[in-house]
Amino acid sequence: MTTYYSKDHEWVAVEGDTATIGITDYAQSQLGDVVFLELPDVGKTLAKGDEAAVVESVKAASEVYAAISGDVSEANDALADEPAKVNEDPEGAAWFIKMTIANKSELDELMDEVAYKAFLETL
Amino acid sequence: MGMNSQGRLSTPAETAAVAEHKTFTGNKALQIEEPLIFEIGRNEVTGVDIDVPLDFKPRLGSHRRKQPIDPPGLSEPEAMRHYVRLSQKNCAIDMGLYPLGSCTMKHNPRLNEKMARLPGFADVHPLQPLFTVSGAVELIAELGKWLLVTTGMASVAMSPKAGAHGELCGMMSIKVALTARGETRTKVLVPESAHGTNPATAALLGYKVVTIPAREDGTVDPASVRELLDDQVAAIMLTNPNTCGLFERDIKEIADAVHEAGAYFYCDGANFNAIVGKVKPGELGVDAMHINLHKTFSTPHGGGGPGAGPVVLSEKLAPFAPVPYVRFEGDTAEFVETRAKAKEHGDTPFGRMTAFHGQMGMFIRALSFMLSHGCDGLKQASEDAVLNANYIRASLQDLMSLPFGKRPNMHEVLFDDSFLKDTGVTTLDFAKAMIDEGYHPMTMYFPLVIHGALLIEPTESESLASLDLFVATLRDLVMSAKRGETERFTGAPYHSPRRRLDETAAARKPILKWVRPEPATAEATE
């Protein structure tokens with residue numbers, strides 16, 4: 001499994017044709033306590049850059065954009081009842097969606113962990 | 001130790017112990033612990049005499065309530081005290097400087113209140129025959145005229161009830177004007193720094209919102225607008241001065257580009273207080289703009305409200321203005337109430353925003369403000385509002401951080417949180433510490449384009465002494481944060497009726513309904 005990161009602070013963990021997507025620890029720390037989540041329906045086709053989810057914290061509501069294109073194969077509906085999980089375990093149990101990857105070459109435009117950490121240093 | 005002529009101590013002996021002192025009631029002198037009205041009310045009593053109808057036949061069938069309605073019963077003094085006590089826990093413009101940016105929390109002159117209570121205005125009803133309320137109709141028309149003069153626009157819709165409602169009215173006029181041209185456009189351009197109501201209004205009308213990125217200096221670049229304009233853009237929604245407190249200096253060029261593309265220019269008039277008497281939005285190419293009477297024209301916000309958001313329209317949009325409106329034939333005023341009537345005059349209103357004519361009470365107050373200030377006074381009010389905001393900037397810019405450099409602002413000044421870097425204090429903590437100092441915090445974390453934004457709008461209401469005290473307080477707070485006195489902030493507020501609220505729990509598990517506790521049963525009490 002390889003994990004990629006986007007400049008919008010999402011992580012994309014790839015296993016075969018499936019990508020698991022969530023927001024990074026940095027993203028959750030910037031958002032503050034998450035209080036509400038809206039995830040896409042299973043089966044929805046997302047193009048790269050489409051609005052995939054909405055995260056609402058005590059500070060602000062933010063859109064999460066699809067880091068890659070593909071079909072939503074699973075949504076982590078348990079998060080709806082426990083949005084606090086996004087703060088507790090953003091890069092683990094609090095994944096947002098799983099997608100069937102449409103175009104693997106889009107992954108090349110994302111960062112690896114080292115590059116993402118370097119990117120955070122510049123913020 | 002000082003004593004007075006009766007031999008009593010004139011200075012308290014143990015001031016330090018007072019903070020720890022607990023009272024029997026939980027009250028702290030005039031700071032009263034007030035329960036919910038349901039908790040003090042009793043369901044077996046009432047403060048009102050109502051005869052129980054002796055002979056009546058219920059006609060509600062299966063819709064009849066099965067449970068008693070259970071309202072809290074209180075006597076008049078109990079009910080009155082409850083609300084007075086609650087009001088004392090609240091902040092109000094009548095209590096002190098209220099620097100909430102983009103909200104224009106100015107003084108509500110008492111003359112306005114006196115006028116609104118004149119029986120000829122206070123006692124009219126919207127369903128009265130028109131000939132019995134010609135004075136009220138004339139007042140609506142007179143206020144409308146003042147709004148047209150100050151904005152340089154062609155027509156005005158008086159009925160919208162608040163800012164966002166006015167936005168909706170203006171954008172509906174634009175949508176209908178496009179339909180009349182045989183066009184359906186799909187997009188609305190909104191700058192990053194816009195009030196949240198702008199994209200919300202556009203989305204409500206089915207438009208796709210396209211965000212215009214901000215230029216480095218905090219304003220909108222006409223080049224980025226041009227890049228986004230095409231034959232699918234219905235309108236641009238722009239605030240001027242914008243929410244960074246800056247005048248959009250390229251507004252004319254932006255308006256021209258928008259018009260060339262066949263789109264309309266909606267101006268969010270929330271910040272009109274900065275430019276009344278100085279700039280006429282009509283001359284800048286604006287097609288529609290709402291005016292928050294509860295901001296610029298001193299009618300109350302919130303509790304004493306309601307708001308009012310009349311919309312001024314350009315020549316192009318005027319025929320689509322909603323009914324009702326007052327139309328003049330020479331000196332004779334006519335109240336146009338229906339679309340059929342409007343059509344006789346060649347107008348094609350898009351419909352009606354409200355059942356009646358608008359917020360009459362606010363119209364009276366706004367017109368009082370205008371007439372008591374006059375053209376010169378309104379202009380001076382804007383100048384003073386801008387001067388006050390610049391005074392605050394100039395007095396704090398050495399300690400706090402300005403995102404766009406040390407240059408003049410309009411009616412409000414925007415700081416970012418870089419001055420708090422490495423202090424362990426956030427914008428939120430800083431705001432909470434202001435509560436302890438007796439100030440309502442400024443607008444925080446808005447506009448979203450600025451990190452940890454603190455947006456201060458003093459309005460023209462504040463005196464130099466009041467501004468100086470505010471500045472001195474903020475300077476003391478900033479120095480304190482920089483000295484590392486973090487607890488003053490992270491633990492704040494210390495002195496408010498309640499300490500910091502758990503916003504997260506309130507959002508995640510809101511308790512929206514009061515449920516009467518079960519009375520203790522005999523077994524349980526044994």
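Two strands are taken to pair if DSSP finds at least two bridges between them. In the predicted model described here, this criterion is met in chain A by E3(A) and strand E9 (residues 97-101), which run antiparallel and are joined by four bridges. Within this pairing, Ile21(A) stands opposite Ile97(A) of E9(A). E3(A), which covers residues 18-23, is also connected to strand E2 (residues 10-15) of chain A, again in the antiparallel sense, through six bridges. Here Glu10(A) has Ile23(A) of E3(A) as its bridge partner. E2(A) and E3(A) form a hairpin with two residues between the strands, and in this hairpin Gly16(A) adopts a positive phi near 65 degrees.

Chain A also meets chain B, with seven residues of chain A in contact with six residues of chain B. On the side of chain A that touches chain B, five of the residues are nonpolar and two are charged, while none is polar.

Chain B comprises 526 residues, of which 39% are buried. Its secondary structure consists of 17 helices and twelve strands, and its C-alpha trace extends over about 80 × 75 × 50 Å along the principal axes. Of the contacts in chain B between residues at least 6 apart in sequence, 72% link residues at least 24 apart.

An open sheet of seven strands is found in chain B, with mixed pairing and the order E1-E7-E6-E5-E4-E2-E3. Its edges are occupied by strand E1 (155-157) and strand E3 (208-212) of chain B; each has a single partner strand, so one side of each lacks a neighbour in the sheet. On average, neighbouring strands of the sheet are turned by 25 degrees against each other when direction is ignored. Strand E2 (residues 187-191) and strand E4 (residues 233-239) of chain B are paired in the parallel sense, with three bridges between them. In this pair, Lys187(B) is placed opposite Val233(B) of E4(B).

Helix H8(B) lies across several strands of chain B, namely E2, E3, E4 and strand E5 (264-268), and runs at about 175 degrees to E2(B). Helix H8 (residues 197-204) of chain B also meets helix H7 (residues 163-180) of chain B, their axes coming within 10 Å and crossing at roughly 45 degrees. The two helices, H7(B) and H8(B), are therefore oblique to each other, and their crossing is right-handed. From H7(B), the contact involves Gly163(B), Ala164(B), Glu167(B), Leu168(B) and Met171(B), whereas H8(B) contributes Thr197(B), Asn198(B), Thr201(B), Ala202(B) and Leu204(B). Five residues of this contact between H7(B) and H8(B) are nonpolar, four are polar and one is charged.

The loop between E1 and H7 of chain B contains Met158(B). Met158(B) counts as buried because it has 26 C-beta neighbours inside 10 Å, the cut-off for this class being 20 or more. When residues up to four places away in sequence are not counted, Met158(B) touches Ile140(B), Gly144(B), Pro310(B), Tyr325(B), His357(B) and Gly358(B). A further relation across the sequence links Met158(B) with Gln359(B): the two residues are 201 residues apart along the chain, and their C-alpha atoms are separated by 8.4 Å.

Definitions and conventions:
Residues are numbered from 1 along each chain as its sequence is written. Chains are lettered from A and ligands numbered from 1 in the order in which they are written. This is a predicted model: local features need pLDDT of at least 70, side-chain atom pairs count only at pLDDT 80 or more; totals for chains, interfaces and linings use all residues. Axes are lines fitted to C-alpha atoms, for helices over the stretch in contact, and angles run from 0 to 180 degrees between N-to-C directions. Angles under 35 degrees count as roughly parallel, over 145 as roughly antiparallel, 65 to 115 as roughly perpendicular and the rest as oblique. A crossing is left-handed if the near helix is turned anticlockwise from the far one by less than a right angle, and right-handed if clockwise. Two residues are in contact if their C-beta atoms, placed from the backbone, lie within 7 Å. Ala, Val, Leu, Ile, Met, Phe, Trp, Tyr, Cys and Pro count as nonpolar, Asp, Glu, Lys and Arg as charged, and the others, Gly among them, as polar. A residue is buried if 20 or more other C-beta atoms lie within 10 Å of its own, exposed if 12 or fewer, and partly exposed in between; C-beta atoms are placed from the backbone.
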